[in-house]
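Colleague: I should like to go through this model with you, one region at a time. Could we begin once it is on the screen?

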Amino acid sequence: MTCVDDYRLTLGGKQYVPLIIGGMGVDISNSHLALEAARLGGIGHISDAMTMAVTDRLYKTSYLKARTARNRQEPPEPTRRDVPFDLTDLRDATMLHVSKTMDRKRGPGAVFINVMEKLSMNAPRETLKVRLEAAMDAGIDGITLSAGLHLGSFELIAEHPRFRDVQLGIIVSSARALALFLRRAKRVERMPDYIVVEGPLAGGHLGFGIDDWQKADLPSIVKEVQDMLAKDGLNIPVIPAGGVFTGTDAVNYLSQGAAAVQVATRFTITRECGLPDHVKQVYLGAGLEDVEVNTQSPTGYPMRMLTSSPALGSSIRPNCETLGFILDGEGHCKYLDAYDATPDDPATGRKMPVTDRVCLCTHMNAFRVYTCGHYVYRLKETTVLEAPGRYLLPSAEHVFWDYQFSRDHRIALPSVSGEAALV
Ligand SMILES: Cc1cc2nc3c(=O)[nH]c(=O)nc-3n(C[C@H](O)[C@H](O)[C@H](O)COP(=O)(O)O)c2cc1C
């Protein structure tokens with residue numbers, strides 16, 4: 001019986017443990033987590049979602065305060081939501097976030113950044129270009145394009161000096177979406193260096209319709225993608241993601257030709273992960289009945305989350321003057337529409353609960369959207385109770401090594417003394 005450690009991912013002439021910790025916005029997959037993956041020889045992701053909010057929190061910058069102040073000088077609502085993001089600030093914030101991370105990188109692995117197209121920031125093309133270029137300028141090892149088809153993304157950065165040396169990958173959920181992307185990539189004569197194939201059991205946004213995701217299964221999509229690439233004579237590493245819960249789940253893909261796997265949910269409860277500890281305990285306590293895939297995200301993509309997410313049913317006033325990261329090119333966000341369409345409660349004079357969308361910026365930034373992979377309810381199998389109702393939070397190293405060395409679906413439990421009990 002083989003284990004993940006029997007395989008290696010080759011990317012850009014380097015070899016890695018074939019385990020990638022996926023991007024988790026907003027700073028859930030933070031620098032600490034990504035750097036641990038790199039130290040241990042794998043690949044970790046930071047996320048570029050709402051970087052200005054993240055650097056304000058981490059490095060005491062005041063990008064959002066400046067944005068709010070600028071917007072206050074503009075005419076009152078709703079036009080205030082049309083005020084664009086300052087591209088210099090956006091560039092500086094991204095450079096800061098990435099360079100502070102890369103300066104601390106140790107070990108043989110790599111740190112990539114996850115860049116969502118749906119983070120349209122009131123000017124989709126301009127802001128995406130700045131974020132991608134700033135990440136490369138600040139020395140990121142690789143960029144994973146996510147949450148969108150990214151048909152024009154390569155062209156946006158084709159003139160950048162690092163365009164051909166940085167590792168560039170794309171997340172897709174179908175061979176069809178990949179075919180569209182590859183057709184456009186041909187125009188700049190640059191194929192992606194890797195392809196993450198994300199299935200219906202993943203956390204975050206899903207690249208399926210709300211009525212389709214249950215019919216899809218990851219092994220079939222991976223096979224379709226592999227067949228399509230083989231037919232086109234393309235040798236690009238394929239990396240399945242979504243529901244890979246044990247090392248043996250990973251080996252099942254690796255033995256079928258996958259180059260690596262991308263995982264996330266098992267790392268959400270690690271000590272390094274950016275979620276607050278009380279939220280990690282909620283993830284650990286969750287049952288299957290607490291998980292849903294809904295259409296609450298204003299991005300238009302279905303999203304998996306726990307039904308106990310405090311964001312659900314919240315009628316918080318939209319704060320696009322400050323956040324506004326999901327505003328499309330015309331200053332619209334589906335939460336704004338839902339908020340405006342929700343009447344006040346005649347008894348209290350206060351807004352009734354907004355039931356069909358959440359204010360993703362405000363709530364992701366405050367860790368009130370409990371997004372998770374399907375197998376979140378199995379997290380309790382991966383650790384021990386420390387006290388009634390309180391689970392021990394394992395280290396990222398422990399979980400990484402468990403994936404790397406586990407055989408036969410065994411999961412090594414962390415010990416209360418904090419030492420990793422390895423298989
Ligand atoms: C809490 C959480 C947040 C996530 N956020 C993002 C994100 O911002 N961008 C993205 O491309 N994927 C996101 N994902 C998906 C992961 O990167 C990963 O591909 C997927 O969850 C892997 O499946 P698993 O969680 O079953 O291991 C998120 C997943 C989780 C659990």
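**Contacts and surroundings**

Modeller: Please bear in mind that this is a predicted model. Leaving aside residues up to four places away in sequence, Val 369 touches Met 305, Ser 309, Ala 311, Val 358, Leu 360, His 363 and Met 364.

Colleague: Where does Val 369 lie?

Modeller: Val 369 is in the loop between α12 (360-365) and β14 (385-387).

Colleague: And is Val 369 buried or exposed?

Modeller: Val 369 counts as buried because 25 other C-beta atoms lie within 10 Å, and the cut-off for that class is 20 or more.

Colleague: What separates the C-alpha atoms of Val 369 and Ile 195?

Modeller: They are separated by 27 Å, and the two residues are 174 residues apart along the chain.

Colleague: Let us change to β4. How many of its residues are buried?

Modeller: Strand β4 (residues 43-47) is mostly covered, with five of its five residues buried. Ile 43, His 45 and Ser 47 point one way from the strand, while Gly 44 and Ile 46 point the other way.

Colleague: Which strands pair with β4, and in what sense?

Modeller: Strand β3 (residues 19-21) pairs with β4 in the parallel sense over two bridges. β5 also pairs with β4 in the parallel sense, over five bridges.

Colleague: Which residues are the bridge partners there?

Modeller: Between β3 and β4, Ile 21 has Gly 44 as its bridge partner. On the β5 side, Ala 110 is the bridge partner of Ile 43.

Colleague: What do β3, α1 and β4 make?

Modeller: With helix α1 (residues 31-39), the strands β3 and β4 make a right-handed β-α-β unit.

Colleague: Now the ligand. Which residues come nearest?

Modeller: There are 30 residues around the ligand, and Gly 22, Ser 146, Gly 203, Gly 204 and Gly 373 come nearest. The shell divides into 14 nonpolar, 15 polar and one charged.

Colleague: Which strands each supply at least two residues of that shell?

Modeller: β5 (110-116) and β11 (261-263) each do so.

Colleague: Finally, at what angle do α7 and α8 pack?

Modeller: Helix α7 (residues 175-187) and helix α8 (residues 218-231) pack at an angle of about 35 degrees, and their axes are 9 Å apart.

Colleague: Which residues meet there?

Modeller: From α7, Ala 175, Leu 178 and Ala 179 meet Glu 224, Val 225 and Met 228 of α8. The residues of this contact are five nonpolar, no polar and one charged.

Key: Residues numbered from 1 in each chain as written. Predicted model: local features only at pLDDT ≥ 70, side-chain atom pairs only at ≥ 80, totals over all residues. Axes fitted to C-alpha atoms, helices over the stretch in contact; angles between N-to-C directions. Helix = DSSP H or I, 4+ residues; strand = E, 2+ residues; numbered from the N terminus. Contact = placed C-beta atoms within 7 Å. Nonpolar A, V, L, I, M, F, W, Y, C, P; charged D, E, K, R; others polar. Near = placed C-beta within 6 Å. Buried ≥ 20, exposed ≤ 12 C-beta atoms within 10 Å, placed from the backbone. Pairing = 2+ DSSP bridges. Right-handed = clockwise from strand over helix to strand, strands pointing away.
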